[in-house]
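User: Please take a close look at one part of this model. Then show me how that part sits among the rest.

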Amino acid sequence: MPSSATSRRGGWWGIAFVVTLFVAGAMVSLPTGRQTGRAIAAFYAAHTGVILVQQVLGVVTLAFFLAFALALGARRRRWLLVGTVLLAISELVTNIIPVILALTNPEPDGAHAWTVIEDLADGALFVSIAVFSVAATIDEVGWVRAVGLVVAAISLLRVGLTLFGVAALDALAPIAFLILILIVSVRILMGRSKPAPTRTAYS
């Protein structure tokens, strides 16, 4: 088992993740494949600088998330590791594609094609968020497990609605995930939530 200081440091990593992700998300809202290629290309041309800064901040955010997940015991908990790896990969893809669009200035058709790929990666990101939310709270007290299940359900519902062009949960799903991370982080700092023992390796 990690030391108390190491465990509680995980709480600060979680809070750093929440803060940086909130800041990055507030900088600019990227276009989706529901928009025309011409509109997408024009958006990236007009916001190149802020988009690049946002994606760099996104990589920093991912580093905080990985440190948080490791503090929760991702090395020993199979499904938590699965959720962490899937989330990290899909998040990196959603960071890389905007950088490509911002730097290459593609034609409208190319901009739209890249954005459709970005949308698919975004869907994968929220599926991985659902896996992570359940796995990260499986050994918590009942109400925290319930919050994890609600966040997972909202994330999966967002993916389903997006397939039909419905954006009703586009804002709620990431906010719900941030609230969950904040809850777990605060509990770690209060000494009420600790990385699971090795018995959870096959949970």
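Analyst: A helix is a DSSP run of H or I with at least four residues, a strand is a run of E with at least two, and both are numbered from the N terminus. Asn105 is found in the loop between H4 and H5. What is unusual about the phi of Asn105? Asn105 is not a glycine, yet its phi is positive, at about 50 degrees.

The model is predicted: local features need pLDDT of at least 70, side-chain atom pairs count only at pLDDT 80 or more, and totals for chains, interfaces and linings use all residues. Residues are numbered from 1 along each chain as its sequence is written, and side-chain values use heavy atoms, with hydrogens and water left out.

Start with the whole. The protein chain has 7 helices and 0 strands. Along the sequence, its pattern reads α-α-α-α-α-α-α. The radius of gyration of the protein chain is 18 Å, and the globule rule gives 17 Å for 203 residues, so the chain is as compact as a globular protein of that length. (The radius is taken over C-alpha atoms; the rule is 2.2 Å times the number of residues to the power 0.38.) The C-alpha trace of the protein chain spans about 55 × 30 × 25 Å along its principal axes.

How much of the chain is buried? Of the 203 residues in the protein chain, 42% are buried. (Buried is under 20% relative accessible area, exposed over 50%, partly exposed in between, with a 1.4 Å probe and protein chains only.) Now take the contacts in the protein chain with a separation of 6 or more: 77% of them are between residues 24 or more positions apart. (Contact is heavy atoms within 4.5 Å.)

Now zoom in on helix H2. This helix covers residues 37–46, and its buried residues are Gly37, Ile40, Ala41, Phe43 and Tyr44. Where do these buried residues point? Seen down the axis of H2, they fall within an arc of 160 degrees, so they line one face of the helix. (The arc is that of the directions from the helix axis to the C-beta atoms.) On the face turned away from that buried side, H2 carries the exposed residues Arg38 and Ala46.

What covers the buried residues of H2? The cover includes helix H3 (48–71), helix H4 (78–104) and helix H5 (108–137).

Pick out one residue. Ile40 lies in H2. Ile40 counts as buried because its relative accessibility is 0%. Which residues does Ile40 touch, leaving aside neighbours within four places in sequence? Pro31, Thr32 and Gln35 are in contact with Ile40, and so are Ala111, His112 and Thr115. Ile40 and Glu107 are 67 residues apart in sequence, but their C-alpha atoms are 9.6 Å apart in space.

Set Ile40 beside a residue in another helix. Ser155 lies in helix H6, residues 142–163. Ser155 is buried, and its relative accessible area is 0%. Its contacts are Phe126, Ile129, Ala130 and Ala173, leaving aside neighbours within four places in sequence.

Leu161 is found in H6 too. Is Leu161 buried or partly exposed? Leu161 counts as partly exposed because its relative accessibility is 24%. It touches Val166 and Leu169, not counting residues up to four places away in sequence. From Leu161 to Gly58 the gap is 103 residues in sequence and 25 Å in space, C-alpha to C-alpha.

Next comes helix H5, one of the helices that cover the buried side of H2. Val131 lies in H5. Val131 is partly exposed, with a relative accessible area of 25%. Not counting residues up to four places away in sequence, Val131 touches Trp79 and Gly83. Val131 and Thr162 are 31 residues apart in sequence, and their C-alpha atoms are 18 Å apart in space.

Last, a loop. Arg76 lies in the loop between H3 and H4. At 27% relative accessibility, Arg76 counts as partly exposed. Arg76 and Ala136 are 60 residues apart in sequence and 12 Å apart in space, C-alpha to C-alpha.

Back to H2, in short. Its buried residues line one face. Arg38 and Ala46 are exposed on the face turned away. Helices H3, H4 and H5 are included in the cover over the buried residues.
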